[in-house]
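This report describes selected features of the structure shown below, chain by chain. Helices, sheets, hairpins and backbone conformations are taken up in turn.

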Amino acid sequence: MKKVTLKITGMDCVSCAFNIDGPLEDADGVKESKTNYAKQVTEVTYDEASITKQQLAAIVKGAGYIATLVE
Amino acid sequence: MNLWAIFITGLTVGGLSCMVVQGGLLTATIAQREQEKLKKRTLTTGNSLPILMFLLAKLFAYTILGFVLGSLGAAFTWSITATVIMQLVVVVFMVGTALNILNVHPVFRYFVIQPPHFLTRIIRKKSKSDDFFALALLGAFTVAIPCGATQAMMALAIASGNPLMGAAILFVFILGTSPVFFLLGYFTTKLGDTLQQKFMKFAAVVIILLAIFNANNTLALTGSNFTLENIANGFYCTVSYCNDLPIQTPVSSAAITIEDSGYLPNHLTVKAGSPVTIQLKNNNGTGCTQSFTIPSLGVQKVVPVGSTGTLTFTAPQKAGPIAFMCSMGMYRGTINVI
C-alpha cells in the first residue's frame, strides 16, 4: 500500500470532497481516499500493483476537478 | 420572536444559508443516485420521494435537538456574558461562511464544517444499497453540520428555557427551510452551474446582512449605546431636527407587558440613584423576549409566557439613557435616568 497526496483545484464546496472521494474509493486498488476541503488536498492510500498515480489523477479529472501530484 | 417570524426566517435566510452548507451534500447524493439509475436505465420518475425522506428525517432530528437544547436552557441560566460570547461566535462563523462562498481568501475555507470522512463513507455505501435510508440518514446527520442561521436558532432554543418551546422553534425553523431544499434537490440536475453560482453569491450577501443584524444585537447586549439605530438616529438628528426623548415624570415603579412584538411601554423615566421596581407581565412573548435584560446593570429576569414577575434594581447615579432588551438584544427599550 502506498500513500499519495493530490493537490486539488476547482473544489469550491464541502460536498466536492464527497464527489472526489466517491469515484476514487470505487476504483480497484484504492483502499482509502480522504479529501480535505480546507487544505484542498486528497490523500489516497492505494495499491501500486493495481493502479497508478496518473490513473488516480485521471479519476479526479473525470469528477470535474484538476489534480496535481505532490511529491 | 414568535414562531411565525422563525418560520419566515427559515423560509428566507435559513433556507439559503443552510443550503450553502448542507445542500451540497444532498445534491451530491442525489446526483450520484441519478447516475446509478441512469446506468441502470431506470430513471423514469421524478426524485421527490427521496428528498422528502431527507427533509422528514432532518425535521425529526432537529425537533429532538430543539427539545434537548430547551431542556439545557431550563437547566442552566445563561449569563449575559455567555450569551454575548455565543452570539459573537455565531457572527464570526456566519461572516466566515459568507466570505468563503465569495472566494475572498482561502483561509475562510476553515470556517466550513466538513462532515467526518467515516460519515460520508457510510452514507455513500448506503446510497448504493438503499436510497431512502441513505438520504434519511443524511438528513438526520445534518444536525452535525450546523449553518449560521441554524446556530442562531439553536441559541434561541436554549434561550427559551423550555423543552417544548425549544422543539417548536427548531421544528418551525427547519420546516421553513424545507421548500428551498426541496426545490434545490428536485432541480439539482436541471439547475445550471452559473445559476447555482449566482444563487450562492446571493445567499452569501444575505448571510452577511444577517450577521450584521446579529452583531448589532450583540453590541446592544453589551450595554453599548453605539448600535446602528442609535448612530443613524444621532446622525439624522444632527442634520435634521429631532424631538428629545419624551419628558416624563420619573417613576419608582412601572408595569411593562411583554408582547410577541416586544415590550410595552418601551420607554420609562427614573430618578438617578433611586430604587426601581418593574412589574413584568408576559402576555404572549415567546423566545428571547421572556428574558427581560438590562445589560449595563447586569440584571435579567425570566418571565415565561402567561406569567408575571417583579424586577427591582437601583438606577445608576449618572443621568442618561440606559437600554433594556431581550436576552438576544433583538427587542429593545430605554430607561431614561434623570
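In this predicted model, helix 7 of chain B is largely enclosed by the rest of the structure, because 17 of its 24 residues are buried. The helix covers residues 163–186 of chain B. From the first C-alpha to the last, helix 7 of chain B reaches 34 Å, close to the 34 Å expected at 1.5 Å a residue. Its axis nevertheless carries a kink of about 30 degrees at B:Ser178, and the proline B:Pro179 follows shortly after that point.

Helix 2 of chain B, residues 48–75, packs against this element: the axes of helix 2 and helix 7 of chain B come within 7 Å and cross at roughly 155 degrees. Angles over 145 degrees count as roughly antiparallel, and helix 2 of chain B is therefore roughly antiparallel to helix 7 of chain B. The crossing of helix 2 of chain B past helix 7 of chain B is right-handed.

**Sheet and hairpin of chain B**

Chain B also contains an open sheet of four strands, in the order 2-1-4-7 and with mixed pairing. Strand 2 (262–264) and strand 7 (308–314) of chain B occupy the edges; each has a single partner strand, so one side of each is left without a neighbour in the sheet. On average, and with direction ignored, neighbouring strands of this sheet are turned by 30 degrees against each other. The pairing of strand 4 (residues 275–282) of chain B with strand 7 of chain B is antiparallel and extends over seven bridges. Within it, B:Leu280 has B:Gly309 of strand 7 of chain B as its bridge partner.

A hairpin is formed by strand 5 (residues 291–294) of chain B and strand 6 (residues 299–302) of chain B, which pair in the antiparallel sense over four bridges. Four residues lie between these strands, and B:Gly298 takes a positive phi near 65 degrees in the hairpin. B:Ser291 stands opposite B:Val302 in strand 6 of chain B. Which residues point to either side of strand 5 of chain B? B:Ser291 and B:Thr293 point one way, whereas B:Phe292 and B:Ile294 point the other way; all are buried.

**Chain A**

The secondary structure of chain A comprises two helices and four strands, arranged along the sequence in the pattern β-α-β-β-α-β. Of its 71 residues, 37% count as buried.

The four strands form an open sheet in the order 2-3-1-4, with antiparallel pairing. Strand 2 and strand 4 (66–70) of chain A stand at the edges with a single partner strand each, so one side of each is left without a neighbour in the sheet. The average turn between neighbouring strands of this sheet is 25 degrees, direction ignored.

Strand 2 (residues 30–36) of chain A and strand 3 (residues 41–46) of chain A run antiparallel and are joined by six bridges. A:Glu32 has A:Thr45 of strand 3 of chain A as its bridge partner. The two strands form a hairpin with four residues between them. Strand 1 (residues 2–9) of chain A and strand 4 of chain A also run antiparallel, joined by five bridges; here A:Ile8 stands opposite A:Ala67 in strand 4 of chain A.

The antiparallel strand pairs described above, from both chains, are collected here.

| Strand pair | Number of bridges |
|---|---|
| Strand 4 and strand 7 of chain B | seven bridges |
| Strand 5 and strand 6 of chain B | four bridges |
| Strand 2 and strand 3 of chain A | six bridges |
| Strand 1 and strand 4 of chain A | five bridges |

**Backbone conformations in loops**

A:Gln40 is not a glycine, yet has a positive phi of about 60 degrees. This residue is located in the loop between strand 2 and strand 3 of chain A. Is A:Gln40 partly exposed or buried? With 19 C-beta neighbours inside 10 Å, A:Gln40 counts as partly exposed, because burial requires 20 or more.

B:Asn103 likewise has a positive phi of about 60 degrees although it is not a glycine. B:Asn103 lies in the loop between helix 3 (80–101) and helix 4 (117–129) of chain B. With 12 other C-beta atoms within 10 Å, B:Asn103 is exposed.

A cis peptide bond joins B:Leu264 and B:Pro265, with omega about -10 degrees. B:Pro265 is found in the loop between strand 2 and strand 3 (267–270) of chain B.

How values were computed:
Residues numbered from 1 in each chain as written. Chains lettered and ligands numbered in written order. Predicted model: local features only at pLDDT ≥ 70, side-chain atom pairs only at ≥ 80, totals over all residues. Expected span 1.5 Å × (residues − 1). Bend = angle between axes of the 7 residues up to and from the residue. Pairing = 2+ DSSP bridges. Axes fitted to C-alpha atoms, helices over the stretch in contact; angles between N-to-C directions. Parallel < 35°, antiparallel > 145°, perpendicular 65-115°, else oblique. Left-handed = near helix turned anticlockwise from the far one by under 90°.
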